[in-house]
Amino acid sequence: MACVSFAKHNAPSSSWIGGQQSLPQRSGSSARLATRRVSLPIRAGAYTDELIKTAKTIASPGRGILAIDESNATCGKRLSSIGLDNTEPNRQAYRQLLLTTPGLGEYISGAILFEETLYQSTTDGKKFVDVLHDQKIVPGIKVDKGLVPLPGSNNESWCQGLDGLSSRSAEYYKQGARFAKWRTVVSIPCGPSALAVKEAAWGLARYAAISQDNGLVPIVEPEILLDGDHPIERTLEVAEKVWAEVFYYLAENNVIFEGILLKPSMVTPGAEHKERANPETIAKYTLTMLKRRVPPAVPGIMFLSGGQSEMEATLNLHAMNQSPNPWHVSFSYARALQNTVLKTWQGRPENVEAAQKALLVRAKANSLAQLGKYSAEGESEEAKKGMFVKGYTY
C-alpha cells in the first residue's frame, strides 16, 4: 500500500492533471488555438445533500462528539485500570453506561463507535444505534485498521485500512452509521519526513473520498503528536505543512469540503517542552493555523484532546470560541470526557448513575466552552490531572 501511495504522491502536481494544457500553434501566417480538453470532477452523487446535512447536524451549536472508538485492546487497558477483565460483557456494560446517559444528546451530537459497539445492543436488547437515534445523536464508526511502520521513513508510521474500505463502509451505512473516522499520526521528533506527511495526506484523502461515496461523512484526522520538547512555533510550522498537504489531496480526490469534518490536534508546545502555554496562546496559534489552511466551506472543527487533562481541553476550547470563527469549533474527546466517568464507575452497578452524572458534567462543560461561556470554577482535582502518554496508541 505504501508503495502504491508513494507512486501517486510523485505524480505531477500541475492543475492540468487529467487534461492537457493547450498552447497556441501557428501555421504559416495564421494562428489557431488547439481545443482544450476539460476534465470534470466526479462528486459524491446521490449522497451529497445527505452528507452536508449530516455534517451540519454534528456541527450544531453547543454540541460535540463523544469518541468511544477505542480498540478492544485499548478498552481493555481502561477496564484493567479499575480492576475489570477485558471481556465483551464488560466492554458492553461500559459503553452502555455512556450511551444511555439521560440528557446526553443536549451536549453531544455524534458518537464515534468501534465496530464491535456499532453491532451491539443494550443488555435489554435495544440496539446502541437506536439508543443514539432516540437522543438525536448521530452514530459514527472508526474505519482505519491502525498504524504500522512506514518503510523508508524516519521510524514513522502510516495508517492501513483502505483495502476493502468501500464494502465495509457500505455495511456500516446499512447498520446506521452516518459518519466515519480515520486517524493517522505525524511525529515532530521524527522529523517529520516528507514521505510520512505525504502518506498521511494521501491516505486521508482516499479514505474521505471512499467514505463520501458510501454516504458517510469523513472525519479527517492527521494527529500531530504531543511527543517532544519542541516549542509551539515548531508545532505551528509542522501543522501548516500537514494541513496544506491534506487539503491538496482532498481536492485532488474530489472530496466535498461541505461534507467533511476535521479532527485536528491543538497547536501546543511539545509535552516535554520546558515552558507550558496558556489557553489564550494555544487558541491564538491554533486559530492562526486553521485560518491559514482550512477553507470556510468546512462546517466543523472537532478537536481531539491528545492527552490533555479534562480541564485543559475544555479551557483551550473555550479560549478558541471568544470571537466568531468561520467554522463550528468544537470537540471530539475520548479520555477528556471519560476519565472521571471511568474512575467513578469502578465497574459497580450501584455507581452507574453517579458515573453518568460525571459524564454530563464534562459534556456540559465542553458545550459551554463551544459557546464561549465556560468557567473553570468548581472543577474537581481529578479533572485537572494530565493524561499524556508518550507514544500513545489505541
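This is a walk through a predicted protein model, from its overall make-up to a few individual residues. In this model local features need pLDDT of at least 70 and side-chain atom pairs count only at pLDDT 80 or more, while totals for chains, interfaces and linings use all residues. Residues are numbered from 1 along each chain as its sequence is written, and side-chain values use heavy atoms, with hydrogens and water left out.

Let us start with the whole protein. It has 13 helices and 12 strands; helices (H or I, at least four residues) and strands (E, at least two) are DSSP runs, numbered from the N terminus. Of the 394 residues, 56% are buried. Here buried means under 20% relative accessible area, exposed means over 50%, and partly exposed is in between, with a 1.4 Å probe and protein chains only. Contacts, meaning heavy atoms within 4.5 Å, often link distant parts of the sequence: among contacts with a separation of 6 or more, 79% are between residues 24 or more positions apart.

Now look for the barrel. Eight strands form a closed barrel with parallel pairing, in the order β3-β4-β5-β8-β9-β10-β11-β12. Two strands count as paired if DSSP finds at least two bridges between them. In general, strands of a sheet pair through backbone hydrogen bonds, either parallel or antiparallel.

A good place to step into the barrel is strand β3, residues 64–68, which runs parallel to β4, residues 108–113, and is joined to it by five bridges. You can follow the pairing residue by residue: L66 stands opposite A111, A67 opposite I112, and I68 opposite L113. β3 also pairs with β12 in the parallel sense, over two bridges, and I65 has S332 of β12 as its bridge partner. Moving on around the barrel, β4 runs parallel to β5, residues 138–142, with four bridges between them. I112 takes part here too, with G140 as its bridge partner in β5.

How well covered are these strands? In β3, five of the five residues are buried. Strand β4 is largely enclosed by the rest of the structure, because six of its six residues are buried. Helix α4, residues 88–99, lies across β3 and β4 and runs at about 170° to β3. That angle is taken between N-to-C directions on a scale from 0 to 180 degrees, using axes fitted to C-alpha atoms, for helices over the stretch in contact.

Next comes the interior. In soluble globular proteins, nonpolar side chains tend to be buried together. The largest nonpolar core in this model has 107 residues, and those with the most contacts inside it are Y207, F247, L250, L262, F303, Y333 and W345. Such a core is a set of buried Ala, Val, Leu, Ile, Met, Phe, Trp, Tyr and Cys residues joined through side-chain atoms within 4.5 Å. Y333 is worth a closer look: setting aside residues up to four places away in sequence, the residues that Y333 touches include I65, L66 and A67, as well as M266, F303 and L317.

Strand β12, residues 328–333, also holds H328. H328 counts as buried because its relative accessibility is 10%. Its side chain reaches the backbone oxygen of R63 at 3.2 Å, and a polar contact of 3.3 Å joins the side chains of H328 and Q370. A polar contact is a pair of N or O atoms within 3.5 Å; within protein, one must be able to donate a hydrogen and the other to accept it, and residues adjacent in sequence count only if both atoms are side-chain atoms. Beyond its neighbours within four places in sequence, H328 is in contact with residues including I58, P61, G62, P299 and M302.

What about the cysteines? C75 is buried, with a relative accessible area of 2%, and C190 is buried at 18%. The count of disulfides is zero, taking a disulfide as a pair of cysteine sulfur atoms within 2.5 Å.

Finally, some loops have backbone details to look for. A cis peptide bond joins G191 and P192, with omega about -15°, and P192 is in the loop between β8 (179–186) and α8 (194–213). K136, in the loop between α6 (128–134) and β5, has a positive phi, near 60°, and is exposed at 65% relative accessible area. N155, in the loop between β6 (147–149) and β7 (157–159), has a positive phi near 55° and is exposed at 71%.
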